[in-house]
Amino acid sequence: MHEQRWKTEAIEKCDVIVYTKIFLKFPCKFWPCGPGKEFFIYAHERRGYYTFWQHMENAYPGSNILVVTLTNGESKRVEAQSDQETLKEAMEVLRIMFGPDIPNAIDILVPRWWNNRFQRGSYSNYPIISNSQVVDTIRAPVGRIFFTGEHTSERFSGYVHGGYLSGIDTSRALLEEIRKEKEKERINETQSFLLEPLLALTLSQTDTVPGLHKCEVPRQVFLSRKMGIPEAIL
Ligand SMILES: Cc1cc2nc3c(=O)[nH]c(=O)nc-3n(C[C@H](O)[C@H](O)[C@H](O)COP(=O)(O)OP(=O)(O)OC[C@H]3O[C@@H](n4cnc5c(N)ncnc54)[C@H](O)[C@@H]3O)c2cc1C
């Protein structure tokens, strides 16, 4: 695709946010479980520093896994350091919340959505002041290339259902385009058929095409165009 300034300018107006769920596996549980107890929040003077915690006991009982969610600035910071450094920071926070005697995590998973060159972030985040024109431009096709995904959904950008619904909309738009093209082809064919003089073939030519009758106009048009029979006469 040749660069289309209007398209790239619109894309540049849409930010991509990083959202990181870090998974920590422990040898045993030390956090509260049971009804109404799934999330806990840590308040640090630095905004977003290991703030949102969740245990996985409801989804995966016995897994002994905690998840902590970081976003954007903190995500990028953590992505740039080693998993061991992140583990150390997370354990310090957990010891402030649950006391010094809790066991160390035995495993850690740190997704790197920002550094993944095929992702460069987690989902779109339009600026508060942006208007629907930006989304329309991002969604607009460039020639035969169509665009879809959560970032093309004005109402639900950033969410799974935005991706799902925009996929349906874009496939409908694509089918409509195919239908229009076919319709255009059909009209062109009809018009050229009407404009072209009716063709008949000389006897010697019909001999070379067995089974062809002079009254078979559509077939004669087909033959005169597609097979390039040169000596069709009026
Ligand atoms: C950590 C995280 C947590 C999230 N949490 C939530 C949540 O709780 N709730 C929620 O609603 N949403 C959440 N989201 C957002 C949600 O996942 C996305 O909005 C949604 O997946 C977008 O769907 P999509 O189909 O538009 O794009 P994607 O899911 O990114 O699909 C695009 C696909 O295209 C493929 N692709 C890319 N380039 C090419 C190529 N050149 N050729 C072929 N294939 C290609 C990719 O491999 C991918 O499979 C979260 C996202 C992240 C990262």
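The ligand in this predicted model is surrounded by Tyr19, Lys21, Trp113, Ser122, Tyr123, Gly149, Glu150, Gly158, Tyr159, Val160, Gly162 and Gly163, a residue being near a molecule if its C-beta atom, placed from the backbone, lies within 6 Å of it. Two or more residues of this shell are given by each of β2 (19-25) and α5 (160-195), with helices (H or I, at least four residues) and strands (E, at least two) taken as DSSP runs numbered from the N terminus. The largest share, three residues, comes from α5.

Residues are numbered from 1 along each chain as its sequence is written. Local features need pLDDT of at least 70 and side-chain atom pairs count only at pLDDT 80 or more, whereas totals for chains, interfaces and linings use all residues.

Five strands form an open sheet in the order β3-β4-β5-β2-β6, with antiparallel pairing; two strands pair if DSSP finds at least two bridges between them. Because β3 (39-41) and β6 (107-109) stand at the edges, each with a single partner strand, one side of each is left without a neighbour in the sheet. β3 pairs with β4 (residues 52-55) in the antiparallel sense over three bridges, and phenylalanine 40 has tryptophan 53 of β4 as its bridge partner. Helix α2 (residues 72-80) packs on the sheet and touches β2 and β5, contact requiring C-beta atoms, placed from the backbone, within 7 Å. The direction of α2 makes about 115° with that of β5, where axes are lines fitted to C-alpha atoms, for helices over the stretch in contact, and angles run from 0 to 180 degrees between N-to-C directions.

How values were computed: Contact = placed C-beta atoms within 7 Å.
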